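Please examine the sequence and the three-dimensional structure shown below before reading on. The paragraphs that follow lead from a pair of loop residues to the wider architecture of the protein.

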Amino acid sequence: MAKASNLVIVESPSKAKTIGKYLGAEYTVKASMGHLRDLPKSTMGVDFENFEPRYIPVKGKEDLIRELKDAAAKADTVYLATDPDREGEAISWHLKELLGLSDQKARRVTFNEITQRVVAESIRNPREIDGDLVDAQQARRILDRIVGYQLSPLLWKKVRRGLSAGRVQSVATRLVVDRENEIRVFQPREYWSLDVTLNRIEKSGSFVAHYHGEDKKRELENELQVDDIIRDIDGKEFTVTNVKKSEKKRSAAPPFTTSTLQQEASRKLNMTPKRTMAIAQQLYEGVDVAGEGTLGLITYMRTDSLRLSNEAMDAAADFIRHRYGNDYYFGKHHVFKTKGNAQDAHEAIRPTHVELDPERVRGSLTSDQYRLYKLIWSRFLASQMANALYDTVSIDTECAGHIFRSSHQSLRFAGFIAVYEEGRDEDGEAMGSPLPNLQVGEKALCVKIDKEQHFTQPPARYTEATLVKAMEEKGVGRPSTYASIVSTIQDREYVNKVEKRLVPTPLGEVVTGLMLERFTDIIDVEFTANMENKLDEVEEGKRKWKELLADFYGGFQKELQDAETALEGVRLKVPEEETDEICELCGKNMVIKMGRFGKFLACPGWPECSNTKPIVERMPGRCPKCSSTILKRKSKKGYAYYACERGAECGFMTWDVPTAEDCPSCGMTMFKKSGRGRMKPFCINEQCEQFLPEDKRGYYKKKTAEEGAEEKPKKKTTTRKKKETK
C-alpha cells in the first residue's frame, strides 16, 4: 500500500469521508471542523491604530490542531479544500498560518460539486490562496466585531442586560418593524365588485361576467355607484361585443440560487432558512447512495448565480428527451441572465447527476434530505423544459354602455409543469370558469346579480421567505448570511414567528427605535447595501480592506459617543406584552415579564398584587385520561413535556408530542415522537388496536445497569512496586 504523501484538509467529517473515497492511498483527508483560529471572545481583538486583528487558536481545539500539524509535517503537499466562498478562503488562510505552511507546500483547491470528476480535476489544478477574498472576509468579521462589541454594552445599559446588536441583523429587524408600522397606519379603502350571471337566449348555457367599466376600466368605490349600474342594466339584454382567443406561454423558473432555495423551501416544505441550509450542506458534502457509493448530490449551495454548465444542460436535455419526449425539451440550452449585482462565483444550485432522480435515491436519504433534493432536482430539470401552453379566452358583454368581462384559460400543453411549478407567496391568478362558445353579436339575459363590498388590505407581514427575498432585493447581506440573519433576529427575541409571519416584539421595536435615533448609518438599508458593495470591491482587489474599516470606524465612534452623551442617565422601558390570561386575584390582564430563568406571567398591579405564574402553551388534542386540555411544560432541566391541565388531579404526563390528529380506530388524540423532522403520529391508547408500545416509538433505549455491566470491558489491572524507603 502506497504511503500517503499528500494531506487534504476540508471543513467537515462527512465531506472528508466523501472526498477520501474519491482520492487514492496517496492522500490523507482530515476535517478542520470549521474555524481553528479566530478573534478572542473576551476582548475586541483589534488594534484600532492600524486595524490589525489579533487571532488566537479556538479554545477546545488544541488536540485537533496538534493532529493537523503532525499530519502536515509528514506530507509533501497540503491541499486546503475548505468551502468555495469568502469564509472558506479565510479558513484556508488561517490553516496555512496556524500550521506554518510555506507558499510552496500549501495549495488551495475548491469543489463546486463533490463528484469524483470534479475532485480529481481540482486536485490536478490547485492555486494559491486568494488574498483579496481573505481580506474581504477579514473586513466583514471586524466590522461585525466593532458593531457587536461596542454597541451591545450600550444596549445593556440603556435597555436590558444580555442584549446584543448586529450590523446586518439590525437592518433585518428594522425591515420587520417598518412593515408593522405600515400595517398600523394603513387606512382601508372601500371598493365594490359587481358580477352578473347571464343566460344565452338562442342557445343553452350560462356564464358569469365581472363588471369592467365603460370606455375605460373603472373601479367601483361605493354602493351608490353599484346601484346606479344595476338600475341601468335591470331587465335589459346583454350583447357580446368582443371575443378574444389567444395562446399564452409560461416559462419555467430559473434554477435555484441560495435566496430562492430558502424561499421555496419555506413555502413548499415549511423549512426555516437555517434548516434548509443545513440539509443542503449534507446533500453537497455527500450521502451514501445504495448502489452508487458516497456521492455529493448537489452543487455548492451558497450562490447568487443562475449560470449552468454546458455539461449539466446537455445531461438535462438527454434526460428530458428520454423520459418525457422531444416535445418537452426547451429545444436548446435555456440560459438565464444573472442579476447585475450578483458575484456569479459559482453555478446555480443543481443536482450533480440528473439521472439520479429523487425516487431512485429516496431509500438512502432522510425525509428532509429527500424533500429538499426533490425540490432542487425538479426545479433544475424544469428549467430546461419547454414552455407550458394555455388557451385563453376573454369575452366582453355590453349592456346600457357598461362592459362586463369573462375570462378563462385552460392548459393545453404541460411542458415544464409536468415536473415542477413555482410556489407563490400570495394567491395566483384565477383560471376562471369554462365559458360557452360565444359569438360576437350574441344576446344574453341577466338572471342573477351579485354585488359585494371589499376593503383594501394592509401589506402582509413578512414570512421568512419574503424577508429573505426583501433582503436580497435591497442588497442586505449575501447568500451565505441570509439564513443566519433570519435565525438570529428570532433567537434574540427581536422578532417572533406568529402563524408563519414575522412580528416584531416590543423589545425589537424599542431597540430599533434607539438605533434609528442614534445610529442612522448602522440601521440604514442603503448604507448596509453600500457596505456589501464595498466588501465586494475588496474581494475584487479594487479597495483596501483596512481603509474601508478606518472610514467606517470614524463615523461609528462619533455616533457612539453622541449616543452615550445624549442618553446619560436614561433607561428605555420596554412595553410589557399583555396577554389574555386573567389574574385570578385582581382580575387584570397579566403581562409577560423577563426574569433570571426566562419569561413568566405577572400581574401589572404590582406591588398591590404580586401574583405570578409560569407561561403555559396549550397543545392540540385532548388528555387521553379525562379529555381536558394538554399543556406544554418544562422540567427542572429545561426539557419539554406534556401534561393534563388538571395536574395531579388527573396525573397524565408524557414526553411525546400531542397532535391535532385523532386515531381512526379509537378516536383519541394521537401523539408523535419529539424531535426535528416529520414524525409519524401514533396512538398511545393501550386498549386500541392501533396502539404503539413505547419501545417501538423510536426513542433511544437506555441500558439497564446489568446490561451495561455485561458490555463494559474489564479494566486491565496492573501492580506497581512500592517505592522503597530508606
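**A guided reading of the structure**

Lys500 has its place in the loop between β17 and β18. The model in which this residue appears is a predicted one. Although Lys500 is not a glycine, its phi angle is positive, at about 70°. Is Lys500 buried or exposed? Its relative accessible area is 54%, and a residue counts as exposed over 50%, so Lys500 is classed as exposed. Glu499 lies in the loop between β17 (495–498) and β18 (501–504) as well. Glu499, which is likewise not a glycine, has a positive phi of about 50°. With a relative accessibility of 75%, Glu499 also counts as exposed.

Another backbone feature is found at a proline. The peptide bond that leads from Trp606 to Pro607 is cis, and its omega angle is near 10°. Pro607 belongs to the loop between β21 (598–602) and β22 (612–613).

The view may now be widened to the protein as a whole. Its secondary structure amounts to 19 helices and 28 strands. Along the principal axes, the C-alpha atoms fill a box of roughly 125 × 75 × 70 Å. The protein has 726 residues, of which 46% are buried. The exposed surface comes to about 39400 Å², and carbon and sulfur atoms supply 47% of that area. As for charge, there are 118 positive and 112 negative side chains, and the centres of these two sets lie 7 Å apart. Among contacts with a separation of 6 or more, 67% join residues that are 24 or more positions apart.

What lies in the interior? In soluble globular proteins, nonpolar side chains tend to be buried together. In this model, the largest nonpolar core contains 64 residues. The members that touch the most other members are Leu283, Leu297, Ile298, Leu372, Tyr373 and Leu381. Helix α12 (residues 367–383) provides the largest share of this core, namely 9 residues. A second core, separate from this one, has 57 residues, including Ile146, Val468, Ile489 and Phe552.

Leu372 shows what such packing looks like for a single residue. Which residues does Leu372 contact, leaving aside its neighbours within four places in sequence? They are Leu261, Ala265, Leu269, Met271, Thr276, Ile279, Ala280 and Leu283.

The strands offer a second kind of organisation. In a regular strand, the side chains alternate between the two faces of the sheet. Strand β7 (residues 77–80) can be read in this way: Thr77 and Tyr79 point one way, while Val78 and Leu80 point the other way. All of these residues are buried. Strand β1 (residues 6–10) runs parallel to β7 and is joined to it by 4 bridges. Strand β8 (residues 106–108) also pairs with β7 in the parallel sense, over 3 bridges. Val78 is a useful point of reference here, with Leu7 standing opposite Val78 and Ala106 serving as the bridge partner of Val78 in β8.

An antiparallel arrangement can be seen elsewhere. Four strands form an open sheet in the order β23-β24-β25-β26, with antiparallel pairing. Which strands stand at the edges? These are β23 (617–618) and β26 (653–654); each has a single partner strand, so one side of each is left without a neighbour in the sheet. The partner of β26 is strand β25 (residues 640–644), and the two pair in the antiparallel sense over 2 bridges. Within this pairing, Ala643 has Met653 in β26 as its bridge partner.

Loops may also hold buried residues. Ser12 has its place in the loop between β1 and α1 (13–22), and at 13% relative accessibility it counts as buried. Not counting residues up to four places away in sequence, Ser12 touches Ala31 and Glu285. Leu438 is located in the loop between β15 (402–413) and β16 (443–455). The relative accessible area of Leu438 is 3%, and the residue is therefore buried. Residues up to four places away in sequence aside, Leu438 touches Arg200, Phe207, Val240, Val243 and Ile395. Arg200 and Leu438 are 238 residues apart along the chain, yet their C-alpha atoms are separated by 8.8 Å.

Definitions and conventions: Residues numbered from 1 in each chain as written. Predicted model: local features only at pLDDT ≥ 70, side-chain atom pairs only at ≥ 80, totals over all residues. Heavy atoms only, no water. Core = buried A, V, L, I, M, F, W, Y, C linked by side-chain atoms within 4.5 Å. Buried < 20%, exposed > 50% of the residue type's maximum accessible area, 1.4 Å probe, protein only. Contact = heavy atoms within 4.5 Å. Areas by Shrake-Rupley, 256 points an atom, 1.4 Å probe, with all protein chains shown as cover. Lys, Arg positive; Asp, Glu negative; His and termini not counted. Charge placed at Lys NZ, Arg CZ, Asp CG, Glu CD. Pairing = 2+ DSSP bridges.
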